[in-house]
Amino acid sequence: NGDGVNDNFTILGVQNFPNNSILIFNKWGEKIYQQKGYDNTWGGEKDHGDSLPEEESLYYYVFDDGEGKSYSGYVKIIDHI
């Protein structure tokens with residue numbers, strides 16, 4: 001929401017894995033975002049900066065550290081509190 005708190009999806013230590021990549025999917029399994037060399041800059045938009053639908057709030061990620069390990073989980077986006 002632009003308040004400076006949790007505005008981007010942050011993976012601690014990501015700078016230690018320069019060959020990393022991230023994929024983010026919506027609840028239907030459609031890829032909405034990807035980045036090679038992820039640098040903690042995803043702020044909840046689609047590829048090319050398009051806004052996400054307001055009614056969707058749960059997204060799933062797969063992070064590949066570039067060294068043979070993958071991690072997955074989900075991110076819940078809340079517009080305001």
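## A walk through a four-stranded model

A polar contact of 2.8 Å ties the side chain of Gln-35 to that of Tyr-33. That is a handy place to start a tour of this structure, which is a predicted model. Gln-35 sits in strand S2, which covers residues 31–36. Is Gln-35 buried or exposed? With a relative accessible area of 17%, Gln-35 falls under the 20% cut-off, so it counts as buried. If you skip the neighbours within four places in sequence, Gln-35 is in contact with Asn-20, Ser-21, Ile-22 and Thr-41.

Now step back and look at the whole chain. It has 0 helices and 4 strands, so to speak a plain β-β-β-β run when you read from the N terminus on. Of its 81 residues, 25% count as buried. Take the contacts with a separation of 6 or more: 45% of them are between residues 24 or more positions apart.

How are the strands arranged? They make an open sheet of 4 strands in the order S2-S1-S3-S4, with antiparallel pairing. S2 and S4 stand at the edges and each has a single partner strand, so one side of each is left without a neighbour in the sheet. From one strand to the next, the twist averages 15 degrees.

Follow the chain to S3 and S4 and you will find a hairpin, with 5 residues between the two strands. In the turn, Gly-66 has a positive phi of about 80 degrees. S4 spans residues 70–76, and its antiparallel pairing with S3 runs over 7 bridges. Two places to look along this pairing are Phe-63, which stands opposite Tyr-71 in S4, and Leu-58, whose bridge partner in S4 is Lys-76.

Next, the rings. How many aromatic pairs does the structure hold? There are 5 of them. One of these is formed by Phe-9 and Tyr-38, a tilted pair with 6.4 Å from centre to centre and 40 degrees between the planes. This pair links distant parts of the chain: Phe-9 is in the segment before strand S1 (21–25), while Tyr-38 is in the loop between S2 and strand S3 (58–64), and the two are 29 residues apart. Both rings are tucked away: Phe-9 is buried at a relative accessible area of 16%, and Tyr-38 counts as buried at 2%. Tyr-33 and Trp-42 are another pair to find; their ring centres are 5.9 Å apart and their planes are at 40 degrees, so this pair is tilted. Here, too, both partners are buried.

Zoom out a little and the rings join up. Phe-9, Tyr-33, Tyr-38, Trp-42, Tyr-59 and Tyr-61 form one aromatic cluster. Tyr-33 is a useful landmark, as you have met it before: besides belonging to this cluster, Tyr-33 is the side-chain partner of Gln-35 in the polar contact that opened the tour.

Trp-42 deserves a stop of its own. It lies in the loop between S2 and S3, and its relative accessible area of 2% makes it buried. What does Trp-42 touch, leaving aside its neighbours within four places in sequence? It is in contact with Asp-7, Asn-8, Phe-9, Ile-24, Ile-32, Tyr-33, Leu-52, Val-75 and Ile-77. The side chain of Trp-42 also reaches the backbone oxygen of Glu-45, at 2.7 Å. As for Ile-24, it is 18 residues from Trp-42 along the chain, and the C-alpha atoms of the two are separated by 9.7 Å.

Ile-24 has plenty of company as well. Apart from neighbours within four places in sequence, Ile-24 is in contact with Glu-30, Lys-31, Ile-32, Tyr-33, Trp-42, Tyr-59, Tyr-60 and Tyr-61.

That brings us to the inside of the model. In soluble globular proteins, nonpolar side chains tend to be buried together. In this structure, the largest nonpolar core has 14 residues. Which of them have the most contacts inside the core? They are Phe-9, Ile-22, Ile-24 and Trp-42. S1, S2 and S3 are the elements that give two or more residues to this core, and S3 gives the most, with 3 residues. Phe-9 and Trp-42 thus turn up both in the aromatic cluster and among the core residues with the most contacts.

Note on methods:
Residues are numbered from 1 along each chain as its sequence is written. This is a predicted model: local features need pLDDT of at least 70, side-chain atom pairs count only at pLDDT 80 or more; totals for chains, interfaces and linings use all residues. Side-chain values use heavy atoms; hydrogens and water are left out. Buried means under 20% relative accessible area, exposed over 50%, partly exposed in between (1.4 Å probe, protein chains only). A polar contact is a pair of N or O atoms within 3.5 Å; within protein, one must be able to donate a hydrogen and the other to accept it, and residues adjacent in sequence count only if both atoms are side-chain atoms. Contact means heavy atoms within 4.5 Å. Rings of Phe, Tyr and Trp (its six-membered ring) pair if their centres lie within 6.5 Å; planes under 30 degrees apart count as stacked, over 60 as edge-to-face and the rest as tilted. Two strands pair if DSSP finds at least two bridges between them. Axes are lines fitted to C-alpha atoms, for helices over the stretch in contact, and angles run from 0 to 180 degrees between N-to-C directions. A nonpolar core is a set of buried Ala, Val, Leu, Ile, Met, Phe, Trp, Tyr and Cys residues joined through side-chain atoms within 4.5 Å.
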